[in-house]
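Reader: I would like a close look at how the interior of this model is packed, taken slowly and with the contacts spelled out.

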Amino acid sequence: MKRILTNKLYLTTFIADMISNFGDSLYYLALMNYVLVLPDAQLAIALVTLSESLPLLTRFAMGVWADRTKDKVDTIVATQIFRLVLYLIVGFVMGFSPSLWIVLVAVVVNVFSDLSGQYESYLYIPLSLRIVSDEDREAAAAFRQASSAILQIGFQASGAILIAFMTYPQLAFLNAGTFLASALIMFAIRSSLIRLLEEHPLKMVEHNQSQGLVKELTSSFKDACTAIQKVPALQASIVAIMGINAVGSILQSLVAAMIKDFGDFIIGSPATTLASVSIAFFVGNIIGSILCTNLFKKVSLITMVTVALGFLAIFFVAMVWHHIAFSLLMISGTAVVTGGATPKLSAMLFRELPEEKLASIGSAIDSFLTFGMVLSRVAFSALILWLPVQEISFIYLLLCLGLLGCTIISRRKNQVV
């Protein structure tokens, strides 16, 4: 951990990333607060949830595209400038009276911003292999996760405060400013990153242009399946992990819908309640990251997945009874477990995957793990238009219980400890 804290280049890229993350957190919190003031809030919530789902379908293609990109450093800066322009547009349209068409513009911008963010993340992966050594990778992942969670608590709290004092256009322009700041920081260390790449050149796969993107995606997917089979712990728990991602992806939207329907499901204000959900998650995530290198070190991945599903099931029981305090407690419990498992899984994949295909195969695995999120958010977007929020909570409770049972059976069948 000491080497991580003295790695100036790593810390600088981390700061640049966290600045843009603050903008993303503020924007999402402001957007969810904005839709609650509209008379057709359920439709607006469905649109926002759907916009968060669509970019998940492109992770695979973005990973392959990132592997093909040679000038990764300058392209990272370009993606940040692109997102700056997007949110300047949002700041302009937010100046009009609140309306559903503004939400439509905002969600379209959100989709393009997420696509750009995905591309940027996969571009950075091979750079990180040179910035952080192999032996420090798990520690770096735990540090990044814990630090991000701590900062996100501050982001959510400050976001709830800023929403009370700033207009929606001002919030959008502030978000745009965070991407400008990130771009300037990355440009400032551009020469250092390029020098690092000159000392340790990137391994690039020779692409057959006649092969086409579809065939390359198919090949990368097959490589991903092979990589999963080489990691028994992942093979035994991958469906459950997909399920956890699916269920967890709709929590904030579900809470927003609950706030709209039940006046007692609130802490102070809608913005404060939504921020509290995120804070509860990030507090648990911090604890899980801290425990990753000691208490959770010898705990198997499938055990942690089973416990996480148990917490989620109890969360939905609390939602059926619209009990806000117990809901937040269960969110924290889930985050503790997943926070301890994520660095373990990340380091495991980095060790197994070849560098020249790291983004493409990694994005294929990401796509599989997040496929359930797309289905879950699309389903939620439809359900929220037809069913009461309590009935939706009950449906997700049954899903958690089903996943929990399948995971226990799979664990015994594959004899994974």
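Reader: Before we turn to the interior, how many helices and how many strands does the chain have? And then, which residues touch the most other members of the largest nonpolar core, and what does Thr 273 touch?

Author: The model is a predicted one, and its chain has 17 helices and zero strands. Of the 417 residues in the chain, 55% are buried, while the surface that the chain exposes comes to about 18,300 Å², with carbon and sulfur atoms supplying 68% of it. Among contacts between residues at least 6 apart in sequence, 86% join residues at least 24 apart.

Turning to the interior, the largest nonpolar core holds 83 residues, and those that touch the most other members are Val 48, Val 103, Leu 254, Phe 315, Phe 316 and Phe 380. Phe 315 can be followed in detail: leaving aside residues up to four places away in sequence, Phe 315 touches Leu 251 and Leu 254, and also Ser 327, Met 330 and Ile 331. Apart from the largest core lies another core, of 27 residues, including Ile 4, Ala 66, Val 132 and Leu 193.

As for Thr 273, this residue lies in helix α13, which spans residues 270–292. Thr 273 counts as buried because its relative accessibility is 0%, and the cut-off for buried is under 20%. Again leaving aside residues up to four places away in sequence, Thr 273 touches Val 255, Ile 259, Phe 265, Ile 266, Ile 267 and Ile 324.

Terms used: Residues are numbered from 1 along each chain as its sequence is written. This is a predicted model: local features need pLDDT of at least 70, side-chain atom pairs count only at pLDDT 80 or more; totals for chains, interfaces and linings use all residues. Side-chain values use heavy atoms; hydrogens and water are left out. A nonpolar core is a set of buried Ala, Val, Leu, Ile, Met, Phe, Trp, Tyr and Cys residues joined through side-chain atoms within 4.5 Å. Buried means under 20% relative accessible area, exposed over 50%, partly exposed in between (1.4 Å probe, protein chains only). Contact means heavy atoms within 4.5 Å. Helices (H or I, at least four residues) and strands (E, at least two) are DSSP runs, numbered from the N terminus. Accessible areas come from the Shrake-Rupley method with a 1.4 Å probe; for residues, only the protein chains shown count as cover.
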